Amino acid sequence: MQGKRGAASAVLAVMIPFAAGCQAAEEPAGFGREAVRTEIRAVVADAGMPESKLPGPGDETRTAAPSNDQERVVARAVACSAGWQYIGPYVDGARGKYDKVLTGLSGAGWKESGKRFEQPVGGKGGGTAVQVVLKKEGWTLYARHNPSRALGADVLSFTAMEDACMEQFTEREVDLLSGDWREDGSGR
C-alpha cells in the first residue's frame, strides 16, 4: 500500500492549490509544519519567484465546512502539509527560478528522492512540465512547474507533506484522496 499512499500524496499535492482551507494541525516536535513553511517560503523568495496571492498548502482559510467524506479527508490531509504555490501569468525565467528554488532547498538539506519527471506540454514551444520529489526529516516535498498553455498561466508549487501524518490515513481514505473510491465501494 506504500505505492498507493505515495500516489495519493502526489494527487493531494496537485489538489491542494484548489482545496478548501483546513484547521491548523498541532505542531510535532522537531522539524514541524511552521518550520517547513518558513524554510520553503524563504527559499522561494530568495529565488525571485513572484508574489503569490494564493494561500499556501496547509494555510488556514475561512471556508464552508466539508460536505462529504472526500472533502473531510482532503481537509485532514491539507493539515499535513506546508508550502507555497503560484498560479498566474507567465513568469519571466520561471524554469530558472524553479531550478534556483531546488538548489536552495538542496542547500537547506532537502534530498532528491526518486526520478525527476519531465514532460513536454502543448505543441512546439509549449515548455516542459517538471516534478521533483525531495525528502527531509520526515517530510516529502513535491516541487512542480507546469507552464500551462491551457490555463494561459504558470503553475508553480512546492508542497511538503508530513510523512507520519499521511501514514495515519486508512486505505479507504487513501482511496478517497487518490480518487479511487466510489459511493458503491467498487473503486474505479
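Let's start close to the C-terminal end of the tour: right after helix α6 comes G179, whose phi is positive, near 80°. Helices here are DSSP runs of H or I with at least four residues, strands are runs of E with at least two, and both are numbered from the N terminus. Before going on, keep in mind that this is a predicted model, where local features need pLDDT of at least 70, side-chain atom pairs count only at pLDDT 80 or more, and totals for chains, interfaces and linings use all residues. Residues are numbered from 1 along each chain as its sequence is written, and side-chain values use heavy atoms, with hydrogens and water left out.

Helix α6 itself covers residues 171-178, and 6 of its 8 residues are buried, so the rest of the structure largely encloses it. Buried means under 20% relative accessible area, exposed means over 50%, and partly exposed lies in between (1.4 Å probe, protein chains only). The buried ones in α6 are E173, V174, D175, L176, L177 and S178.

Now zoom out. The chain has 6 helices and 6 strands, and from the N terminus on they run α-α-α-β-α-β-β-β-β-β-α-α. Out of 188 residues, 46% count as buried. If you look at contacts (heavy atoms within 4.5 Å) with a separation of 6 or more, 68% are between residues 24 or more positions apart.

Next, follow helix α2, residues 33-46. Its 14 residues reach 20 Å from the first C-alpha to the last, close to the 20 Å expected at 1.5 Å a residue; that expected span is 1.5 Å times one less than the number of residues. R33, V36, R37, E39, I40, V43 and V44 are the buried residues of α2. They sit on the same side of the helix because they cover an arc of only 165° around the axis, the arc being that of the directions from the helix axis to the C-beta atoms. As a rule, an α-helix has 3.6 residues a turn, so residues three or four places apart point the same way. On the other side of α2, A45 and D46 are exposed. The cover over the buried residues includes α3, β1, α4, β4, β5 and β6. After the helix you meet G48, with a positive phi near 80°.

A little further on, S52 lies in the loop between α2 and α3. Its relative accessibility is 18%, which is why S52 counts as buried. The S52 side chain reaches the backbone oxygen of Q85 at 2.3 Å. Leaving aside residues up to four places away in sequence, S52 touches W84, Q85 and Y86.

That leaves the strands, with β5 (residues 139-148) as the one to watch: 9 of its 10 residues are buried. Two strands pair if DSSP finds at least two bridges between them. On one side of the pairing list, β4 (residues 128-136) and β5 pair in the antiparallel sense over 7 bridges, and V130 has H145 in β5 as its bridge partner. These two strands form a hairpin with 2 residues between them, and E137 in the turn has a positive phi of about 40°. Then there is β6 (residues 153-162), which runs antiparallel to β5 and is joined to it by 10 bridges. Here A143 stands opposite F158 in β6. β5 and β6 also form a hairpin, with 4 residues between them, and G152 in that turn has a positive phi of about 65°.

Note on methods:
A polar contact is a pair of N or O atoms within 3.5 Å; within protein, one must be able to donate a hydrogen and the other to accept it, and residues adjacent in sequence count only if both atoms are side-chain atoms.
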